[in-house]
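Hi everyone, thanks for making the time today. I'd like to walk you through a structure that is probably new to most of you, so let's put it up on the screen.

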Amino acid sequence: MSEVLVLIDAVDGKATKPSLELLTIARRLGTPSAVVFGSSVPGNLGEYGAEKIYQLDDAVYDEFLVGPKAEALAQLVADKSPAATLVVSTNEGKEIAARVAQKSGSGFIADAVDVEADGTTTQSVFAGNYTVKAKVTNGAPVIAVKPNSAAPEAAAAAGTVEAVSVDISDAAKGAKIVSSKPKEASGRPELTEAAIVVAGGRGTGGDFSEVESLADVLGGAVGASRAAVDSGWYPHTFQVGQTGKTVSPQLYVAAGISGAIQHRAGMQTSKTIIAVNKDEEAPIFELVDFGVVGDLKAVLPQATEEINKRK
């Protein structure tokens, strides 16, 4: 079977869940080969189907923005002639993928929520109002896939590590990283990667304690609407919507969120949607799987208590 390159995101030496999802999806297209930047190779890549692991270990990848990574991956694509290249649909991932597609003369598809065996992708477009099918017709496709688009499935493979060295041009080193600091740990999963998201809006009145308690008992992430963020109730990094982050979890709970179009654009590809709102005419109820007309201050604590009882 043809080789499929999968760019791996890793945190603390471990492949992220979205990266393991990509290895699962890659097996539909061919034989997965992982691409890892850095000195540490996640130990479970072979367990999830990576036949080969191409390791690119050079300080240049940490010292500069995406230029060197994109150039190195493009050279790897030229050398290996893969059937496809998959990346996680993050801001960095999409920028790397777009550059690789341009350098290799291939088509690029962003924000796919599904990839079929023949390379046909599914995307949600126009603020989530349409679902479309797309397929690259020129070159080997480069596809950025949203987190939670597949469940990681174990599949034993060789996981043979192969060191790769490439020459990085001066042009790729145009933006140097001069300082950085680690993101503060919240104890909750990353918003865009979480399988469960509980989001609060104007209906919280600025108190997110009920939202956070439900998220914690479910093991999920906390999100916020633009109204809540603009009011200063929650940090902007947690905003879900067209001007915030796009999420596609297995479960999305919208608490006190009316459902404005810009918010829906960031969450309506979620697999199951539950809304809690006092206004039975709120637009959010148009797209939910389950709706509760009620005060989140009363409904969420009851749900949290009941879930705790059943654990």
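Let's start at the hairpin of β7 and β8, where 5 residues sit between the two strands. Look for G119 there: this glycine takes a positive phi near 90°. Please keep in mind that what you see is a predicted model.

Now follow the two strands of that hairpin. β7 covers residues 108-115, and β8 covers residues 121-125. They run antiparallel and are joined by 3 bridges. If you want to find the pairing on screen, V115 has T121 in β8 as its bridge partner, and A112 stands opposite Q123 in β8.

On we go from β8 to β9, residues 130-134. How many bridges link β8 and β9? There are 5, and the pairing is antiparallel. One spot to click on is S124, which stands opposite T131 in β9.

Let's zoom out to the sheet these strands belong to. It is an open sheet of 9 strands with mixed pairing, and the order is β9-β8-β7-β10-β6-β1-β4-β5-β11. Which strands are at the edges? They are β9 and β11, the latter at 160-163, and each of them pairs on one side only. From one strand to the next, the twist averages 35°.

Helices lie across this sheet too. Helix α1, residues 17-29, lies across β1, β4, β6, β7 and β10, and runs at about 160° to β6. Helix α3, residues 67-80, lies across β1, β4, β5, β6 and β11, running at about 170° to β1.

While we are here, a word on charged side chains. The structure holds 18 salt bridges. One of them brings together the side chains of D111 and K94, at 3.3 Å from N to O. D111 is in strand β7 and K94 is in helix α4, residues 91-104, so this pair ties together parts that are 17 residues apart in sequence.

Next, please scroll along to another sheet. This open sheet has 5 strands in the order β13-β12-β14-β15-β16, and the pairing is parallel. Its edge strands are β13 at 221-224 and β16 at 290-293, each pairing on one side only. Ignoring direction, neighbouring strands here are turned by 15° against each other on average.

Let's look at one pair in that sheet. β12, residues 196-200, runs parallel to β13, and 4 bridges join them. Within this pair, V198 stands opposite V222 in β13. Helix α5, residues 209-218, packs on the sheet and touches β12, β13 and β14, with its direction at about 175° to that of β12. Then there is helix α8, residues 296-310, which lies across β14, β15 and β16 and runs at about 135° to β15.

My last stop is a pocket, the second largest one, with a volume of about 290 Å³. Which residues lie nearest its centre? Those are R202, G203, G256, I257 and S258, out of 20 that line the pocket. The elements α6 (226-230), α7 (261-264) and β15 (272-277) each supply at least two residues of the lining. By class, this lining has 10 polar, 5 nonpolar and 5 charged residues.

That's my tour, and I'm happy to go back to any part of it.

Conventions. Residues are numbered from 1 along each chain as its sequence is written. This is a predicted model: local features need pLDDT of at least 70, side-chain atom pairs count only at pLDDT 80 or more; totals for chains, interfaces and linings use all residues. Side-chain values use heavy atoms; hydrogens and water are left out. On a 1 Å grid over the protein atoms alone, a cavity is a set of points where a 1.4 Å probe fits but cannot get out, and a pocket is an open set with protein on both sides within 12 Å along at least five of seven lines; lining residues have an atom within 4 Å of a point. Grid points are joined across faces, edges and corners, and a volume is the space filled by probe spheres set on the points. Ala, Val, Leu, Ile, Met, Phe, Trp, Tyr, Cys and Pro count as nonpolar, Asp, Glu, Lys and Arg as charged, and the others, Gly among them, as polar. Two strands pair if DSSP finds at least two bridges between them. Axes are lines fitted to C-alpha atoms, for helices over the stretch in contact, and angles run from 0 to 180 degrees between N-to-C directions. Contact means heavy atoms within 4.5 Å. A salt bridge is a side-chain nitrogen of Lys or Arg within 4 Å of a carboxyl oxygen of Asp or Glu.
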